[in-house]
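Student: I've just opened this one up and would like a walk through it. Can we chat our way around?

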Amino acid sequence: MHMPKPIIDVSHLSKIYKTGDIEVKALSDVSIQIQEGEFVAIMGSSGSGKSTLMHILGALDKPTSGTYFLDGHNVESLSDDDLADIRNRKIGFVFQAFNLLARTSAIDNVKLPMEYAEISDSVQEKKATEVLERVGLSDRMDHTPNKLSGGQQQRVAIARALVMEPAIILADEPTGNIASTQAEEVMAIFQELNKQGHTIVMITHEEDIADHAKRVIHLFDGVIRSDKSNKKQKIARLKS
Amino acid sequence: MKFSKLVLNGFKSLTVNKMRTGLAVLGIVIGIGSVIALVSMGEASKLSVQSQIQSIGSNLLTISPGAQTSGGVRGAQGGATTLTNDDAEAIKTSAEVTTVKSVSPEYSSRAQVIAGRNNTNSQIVGVEPAYVDVRKIEVTAGSFITDSQLTRNSKVAVLGPSVAEDLFGEGVNPIDQKIKINGNEFQVIGITKSKGGSGPTSTDDYIFVPLTTAQKQLFGAKHLTSIALEATSENVMTRAQNQVGYLLLARHGFSDPSEADFRISSQEDLLETITSVTGTFTTLLSGVAAISLLVGGIGIMNIMLMSVTERTREIGLRKALGAKKKSIIQQFLIESIILTFTGGVIGVVLGIAGFYVYAQVNGSQFVVTAESVVLAFSVSVGIGILFGWYPANQAANLQPIDALKYE
């Protein structure tokens, strides 16, 4: 039987924050493997360490101990600039607060990662248009974020996460700042992307959002409490 | 990212806070503007002084009275009355003085001059005909003082163009008109050509009368206030200075040149002195301007630091999306260079405009050197780099996670 190589391979990960004399263990001995094409939800209440895990998976932060292989690269050994490169090419971020550049059109926001990858203007234009069409925003490409609803802004952010064709899409509470009907749309887009083969790792504290994933990992006090596949995956529908 | 895009993005983010951007630019505008204006003014005054001195003649030596020592008490510089007509005569006739072409003994003093209803206070200069050659004077109307007028103590006067205008108004021919100097009536016989400049050193403001008339009838003096000499060529200036110097020392009974009661100066000396004075002045002004430029630069740094703090989350996002340290430094450095470059352009324009106004008002030369413009530009861009570097580096060194979480 063919055993696929994991895209995310984390083993014995610990993260300790030090504030003065007080040590806070945010993660302890966490090991996770995520294969290509999975849709994983990482759940936990606030303080469970899920954000810390997300930041380490996103190569935004480094663990205190343990190893992290992302698509075959040992993240620990990389310099700041190499990490920037990894984030640029391998990871697509979707943030709770969207984090779009203000006063910048949707399409220019989507182009931003490609600017840092030094991709030619014509290719940028083509790819950005393409991904914005995929998230259903072809008619709003020139709108600035303040002219878009929360759900639309998050779709721009998803388009931006997609545009570099990353190995994984990391979503941190992607529905946390938007209305529930629009949250449904975002989930529908994620499921569609997952169907097309994208690997998605999503952090949430909402049960019914996590239900849209194929696998759910529960974190509690920095330790993995459960890790099982979701038998009853909820299917979100795109309202035309 | 491409340079053109970096610049475009820089402009875009600077227009977000127009007031702040404007004020930051203003600091640089004032700095660069004052550098350009003040340095140009300094240059121009140096040039005008030089050309004025050159117009007097480069073969010219001037003997002026020094301090007179009587009974062990040394008087004021220039106060000596020991320079006499005989001295001038001796220079003319001495066999030892071989390098002097012509000699112009002069007696000059200020006096009130009246013509009809107009009156003015003017420099009256008693001269011999040789004055024209030695001092490079040209007569535009009428004639200059002649030998026969000199011997006859004639009451004739040649006016400088400024005095002529003051006394008779513009467009009136003063030739053959009468003027009164200290109550004595004089007939105007000529007008000299303008040499430019103004004030007590400009011959445009002089009234020339025969030396004999000035000494005997106007001022009752037996001495001279100066003797001007024309050397045979520029190359023998030092020799001429020495020959005349020793002759006069012997005549005045001094053996030590340091005790001399006269001074011989060449235009070269004067030029050097004035150039060094204007040079000091220019340096001083430039220093003041440089300080305002420094203050402007600190303003830029302040704005950029504020901007970095304000946009910490944006920096975090950019890093999350793959921006390297270099890209972040570029972004902020370009913004500060845009600020200072814009300030530089406006500053150069305003500085030149300010200098133009100054030149118009003061009638000085309007010369803007390419060097000062290039210097101002490179300094302004340099300030952008210098004061933009620290904030840009601060931004680039932020950890992506800290920057993203920044509230």
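Student: Let's start on the surface: is B:V349 buried or exposed?

Tutor: B:V349 counts as exposed because its relative accessibility is 52%. The cut-offs are under 20% relative accessible area for buried, over 50% for exposed and partly exposed in between, with a 1.4 Å probe and protein chains only.

Student: Before I go on, what should I know about the model and the numbering?

Tutor: This is a predicted model, where local features need pLDDT of at least 70, side-chain atom pairs count only at pLDDT 80 or more, and totals for chains, interfaces and linings use all residues. Residues are numbered from 1 along each chain as its sequence is written, chains are lettered from A and ligands numbered from 1 in the order in which they are written, and side-chain values use heavy atoms, with hydrogens and water left out.

Student: OK, back to B:V349. Which helix is it in?

Tutor: B:V349 sits in helix α11 of chain B, residues 325-362. Helices here are DSSP runs of H or I with at least four residues, strands are E runs of at least two, and both are numbered from the N terminus.

Student: Which residues form the nonpolar patch on the surface?

Tutor: That patch is made of B:F341, B:V345, B:I346, B:V349 and B:L350, and together they have about 410 Å² of accessible area. Patch members have over 30% relative accessible area and no salt bridge; nonpolar side chains (Val, Leu, Ile, Met, Phe, Trp, Tyr) are joined within 5 Å and like charges within 9 Å. The areas come from the Shrake-Rupley method with a 1.4 Å probe, and for residues only the protein chains shown count as cover.

Student: And B:G347, buried or exposed?

Tutor: B:G347 is also found in helix α11 of chain B, but it counts as buried because its relative accessibility is 0%. Its C-alpha is 9.9 Å from that of B:V373, and the two are 26 residues apart along the chain.

Student: Which residues form the negative surface patch?

Tutor: B:E234, B:E268, B:D269 and B:E272 form it. Asp and Glu count as negative, Lys and Arg as positive, while His and the chain ends are not counted. Each charge is placed at NZ of Lys, CZ of Arg, CG of Asp or CD of Glu. B:D269 is in helix α9 of chain B, residues 267-310, and is called partly exposed because its relative accessibility is 34%.

Student: How many salt bridges are there over all chains?

Tutor: The count is 25 over all chains, using a side-chain nitrogen of Lys or Arg within 4 Å of a carboxyl oxygen of Asp or Glu as the rule. One of them joins A:K15 and A:D61, with the closest N and O atoms 3.4 Å apart. That pair links distant parts of the chain, 46 residues apart: A:K15 is in strand β1 (residues 8-19) of chain A, and A:D61 is in the loop between α1 (50-57) and β4 (65-70).

Student: Are those two buried or exposed?

Tutor: A:K15 and A:D61 are both buried. For another case, A:D139 and A:R140 pair at 3.1 Å, N to O. A:D139 is exposed because it has 54% relative accessibility, and A:R140 is partly exposed because it has 29%.

Student: Which residues in chain B are linked in a network of salt bridges?

Tutor: B:R311, B:E314, B:R318 and B:E335 make up such a network.

Student: Switching to backbone: where is A:F98?

Tutor: A:F98 is in the loop between β6 (91-94) and α3 (106-116) of chain A. It isn't a glycine, yet it has a positive phi of about 65 degrees. Most residues other than glycine have a negative phi. A:F98 is also buried, because its relative accessibility is 8%.

Student: And how many residues of α1(A) are buried?

Tutor: 7 of its 8 residues are buried, so α1(A) is mostly covered; among them are A:L53 and A:I56. Just after α1(A), A:A59 takes a positive phi of about 60 degrees.

Student: Last one: how is chain B divided into domains?

Tutor: Domain 1 covers 3-52 + 273-405 and domain 2 covers 81-260, with bounds from an automatic or database domain assignment. Taken over C-alpha atoms, the centres of the two domains of chain B are 54 Å apart.
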